[in-house]
Amino acid sequence: MSESLIFFALLTVIIIGFLQAFIGLDNANSYADSTPFILQAIINAVMQSPDFNGFDNFAPPFGVTLYYIFTFLITAVLLNILIALFNSAYVEITENANYEYLALFAKKTMQFVRAPDENVFIAPLNLIEIFFLILPFEWWLQRHIFAPLNDIVMAILYFPLLLVAAWLETLSANKVIANRIRGEEDDDNSEQWEQSNGEFNFKAEGWDRIVRGAKPNIEDDQSTVEVGKLRNEVKELKDMMNDDDDIINVTGHKPSALFGTARVGQNYIHRFFATYMTGSERTKETK
């Protein structure tokens with residue numbers, strides 16, 4: 001608030017000073033009265049829409065020069081002063097925000113602690129105390145009669161709230177006890193899959209092997225995996241060809257499956273070298 005007052009005070013002083021200067025220049029010109037034009041030009045400059053065309057014939061060259069100076073002070077200097085004032089006010093408010101909050105919180109706390117009576121009704125239950133206890137009974141009942149009545153009303157009002165609070169505290173206490181029995185933290189939450197941990201034997205039912213077989217290999221490169229598979233296939237083909245050689249040595253003639261096996265072996269060998277070269281090129285590009 002004080003920053004706004006400072007800004008408007010500066011604005012008023014500047015407007016009065018330049019208005020006096022413009023009227024003085026107008027009085028020096030005895031041809032016409034330009035006071036309405038001067039007031040409109042000043043208002044336009046304050047509203048960030050100055051008009052310099054009308055000052056071409058107004059006491060040249062001092063009129064337009066003075067209007068330029070006035071517009072510069074209003075739009076540049078005074079506006080920056082306003083921004084600086086608001087910035088300083090914001091900094092002061094943010095620096096004192098925590099202290100002001102703590103002061104207000106302490107004030108409210110002390111109001112409840114140092115209550116005028118012993119039986120304090122928390123808002124909005126204090127409305128019940130005012131309209132159903134204080135106004136109709138306190139002014140004429142004796143204290144030893146009004147105090148038990150006040151206690152009874154307070155017990156009736158606070159009983160549901162205290163019952164719900166006790167139920168919630170019991171649930172929280174049971175949760176803490178269960179976590180401590182399991183050796184977990186007090187605020188640990190038991191998930192559904194943890195509750196069914198002892199009900200299933202994944203290894204005995206074969207789920208462990210199925211999951212391991214379906215697990216993707218993310219540690220090795222895909223080309224390396226393919227090369228490994230081709231090596232195993234080539235090894236199997238070599239074993240088959242060695243078996244065919246043993247048959248030739250024993251029987252003295254070539255089995256019909258030998259030629260097909262050889263052609264398949266050639267295809268596998270070509271695939272092996274093609275995959276190996278592709279994997280090597282990918283490795284070089286990666287490096």
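Residues 152-172 are 100% helix and 0% strand, with end C-alpha atoms 30 Å apart. UniProt, in an unreviewed entry, lists this span as a "transmembrane region", along with residues 66-86 and 120-140. UniProt positions follow the numbering used here, feature names are shortened, and annotations may be inferred rather than shown by experiment.

This is a predicted model: local features need pLDDT of at least 70, side-chain atom pairs count only at pLDDT 80 or more, and totals for chains, interfaces and linings use all residues. Residues are numbered from 1 along each chain as its sequence is written, and side-chain values use heavy atoms, leaving out hydrogens and water.

**Annotated spans**

The unreviewed UniProt entry also lists a "signal peptide" at residues 1-21. The table sets three of the annotated spans side by side.

| Span | Helix | Strand | End C-alpha distance |
|---|---|---|---|
| Residues 1-21 | 95% | 0% | 31 Å |
| Residues 120-140 | 62% | 0% | 20 Å |
| Residues 152-172 | 100% | 0% | 30 Å |

**Overall make-up**

The protein has 9 helices and 0 strands. Helices (H or I, at least four residues) and strands (E, at least two) are DSSP runs, numbered from the N terminus. Of the 287 residues, 18% count as buried. Buried means under 20% relative accessible area, exposed over 50%, and partly exposed in between (1.4 Å probe, protein chains only). Contact means heavy atoms within 4.5 Å. Among contacts with a separation of 6 or more, 56% join residues 24 or more positions apart.

**Helices α1 and α2**

Helix α1 has 27 residues. From first C-alpha to last, α1 reaches 39 Å, close to the 39 Å expected at 1.5 Å a residue. The expected span is 1.5 Å times one less than the number of residues. Buried in α1 are E3, F7, L11, I14, F18, F22 and D26. These buried residues pack against α2 and α3.

Helix α2 covers residues 35-46, 12 in number. Its reach is 17 Å, close to the expected 16 Å. I38, A41, I42 and A45 are buried in α2. Viewed down the axis of α2, the buried residues fall within an arc of 100 degrees, so they line one face of the helix. The arc is taken from the directions from the helix axis to the C-beta atoms. On the other side of α2, P36, Q40 and I43 are exposed. The cover over the buried residues of α2 includes α1 (2-28) and α3 (62-113). Just after α2, Q48 takes a positive phi of about 65 degrees.

**Aromatic pairs**

The structure holds 7 aromatic pairs. In one of them, the ring centres of F7 and F8 are 5.3 Å apart and the planes stand at 70 degrees, so the pair is edge-to-face. Rings of Phe, Tyr and Trp (its six-membered ring) pair if their centres lie within 6.5 Å; planes under 30 degrees apart count as stacked, over 60 as edge-to-face and the rest as tilted. F7 counts as buried because its relative accessibility is 13%. F18, F22, Y67 and F70 form one aromatic cluster.

**N179 in α5**

N179 lies in helix α5 (residues 143-182). N179 has 2% relative accessibility, so this residue counts as buried. The side chain of N179 reaches the backbone oxygen of E185 at 3.4 Å. Not counting residues up to four places away in sequence, N179 touches E184, E185, D186, D187 and D188.

Technical notes: Polar contact = N/O pair within 3.5 Å; in protein donor to acceptor, adjacent residues only side chain to side chain.
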